[in-house]
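Student: Could we work through this structure together, one question at a time? I would like each answer to show its reasoning before it settles on a name or a value.

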Amino acid sequence: QVQLVESGGGLVQAGDSLRLSCAASGRTFSTSTMGWFRQAPGKDREFVAAIGWSTKYAESVKGRFTVSRDNAKNMVYLQMNSLKPEDTAVYFCAARNSKVVVVSTGDYNYWGQGTQVTVSS
């Protein structure tokens with residue numbers, strides 16, 4: 001069993017930066033793919049970034065967001081730069097029992113409760 005707790009969300013202005021953190025419990029962290037997803041009001045949950053054997057990013061965040069992990073601390077991070085109003089969403093941390101990086105929500109086994117990110121124009 002893996003428990004995930006996100007933090008670091010908030011209200012920022014367009015162009016600002018935020019760093020989201022996700023604390024994971026469980027002994028399988030180092031063998032898991034860790035992903036970030038987001039869900040805006042009225043929209044489906046969508047892939048943002050993930051890190052396992054490799055890293056992947058959604059086209060909409062490529063070059064602005066960076067995902068990283070610290071296996072010693074069981075932490076995963078999402079550094080978000082040059083934020084835009086369209087980045088406004090609840091951001092979720094997710095874990096997958098494989099280090100093969102995939103982008104589908106259905107392939108992730110564990111989810112956090114989410115943290116709100118609001119970007120004002």
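**Sheet, disulfide and core**

Tutor: In this predicted model, four strands make up an open sheet, ordered β1-β3-β8-β7, with antiparallel pairing. Neighbouring strands in this sheet are turned against each other by 15° on average, direction ignored.

Student: Which strands stand at the edges of this sheet?

Tutor: The order of the open sheet is β1-β3-β8-β7. Two of these strands have a single partner strand each, so one side of each is left without a neighbour in the sheet. The edge strands are therefore β1, which spans 3–7, and β7.

Student: Which residue of β3 does E6 stand opposite?

Tutor: Strands β1 and β3 run antiparallel and are joined by five bridges. Within β3, the residue opposite E6 is C22.

Student: How many residues apart in sequence are the parts that the pair C22 and C93 ties together?

Tutor: A search of the whole structure finds one disulfide, and C22 and C93 form a disulfide with their sulfur atoms 2.1 Å apart. Since C22 lies in strand β3 and C93 in strand β9, the pair ties together parts whose separation in sequence is 71 residues.

Student: Is the disulfide of C22 and C93 left-handed or right-handed?

Tutor: Both cysteines, C22 and C93, are buried. The handedness follows from the torsion about their S-S bond, which is about -80°, so the disulfide is left-handed.

Student: Which residues touch the most other members of the largest nonpolar core?

Tutor: This core has 35 residues, and the strands that each supply at least two of them are β3 (18–25), β4 (33–39), β5 (46–51), β7 (65–70), β8 (75–80), β9 (89–96) and β11 (115–120). One of the core residues, L78, touches L18, R19, L20, W36, V48, A49, F65, T66, V67 and Y91 when residues up to four places away in sequence are not counted. Those that touch the most other members are L4, W36, L78, M80 and Y91.

Student: How many of the residues of β4 are buried?

Tutor: β4 pairs with β9 in the antiparallel sense over seven bridges, and with β5, also in the antiparallel sense, over five bridges. In the pairing with β9, Q39 stands opposite V90. β4 is mostly covered, and the buried count among its seven residues is six.

Student: Which residue takes a positive phi in the hairpin of β4 and β5?

Tutor: The hairpin of β4 and β5 has six residues between the strands. A positive phi near 75° is found there at G42.

Student: Which residue of β5 is the bridge partner of M34?

Tutor: The residue in question is placed in strand β5 and, at 11% relative accessibility, counts as buried, because the limit is under 20%. Leaving aside neighbours within four places in sequence, its contacts are S32, T33, M34, V67, S68, R69, V76 and V101. The bridge partner of M34 is I51.

Student: Where is S32 found, and how far does a polar atom of its side chain lie from the backbone oxygen of T28?

Tutor: S32 is found in the loop between β3 and β4, and at 2% relative accessibility S32 counts as buried. Not counting residues up to four places away in sequence, S32 touches I51, R69, R96, N97, S98 and K99. From a polar atom of the S32 side chain to the backbone oxygen of T28, the distance is 2.8 Å.

Note on methods
Residues numbered from 1 in each chain as written. Predicted model: local features only at pLDDT ≥ 70, side-chain atom pairs only at ≥ 80, totals over all residues. Heavy atoms only, no water. Core = buried A, V, L, I, M, F, W, Y, C linked by side-chain atoms within 4.5 Å. Buried < 20%, exposed > 50% of the residue type's maximum accessible area, 1.4 Å probe, protein only. Helix = DSSP H or I, 4+ residues; strand = E, 2+ residues; numbered from the N terminus. Contact = heavy atoms within 4.5 Å. Disulfide = S-S within 2.5 Å. Pairing = 2+ DSSP bridges. Axes fitted to C-alpha atoms, helices over the stretch in contact; angles between N-to-C directions. Polar contact = N/O pair within 3.5 Å; in protein donor to acceptor, adjacent residues only side chain to side chain.
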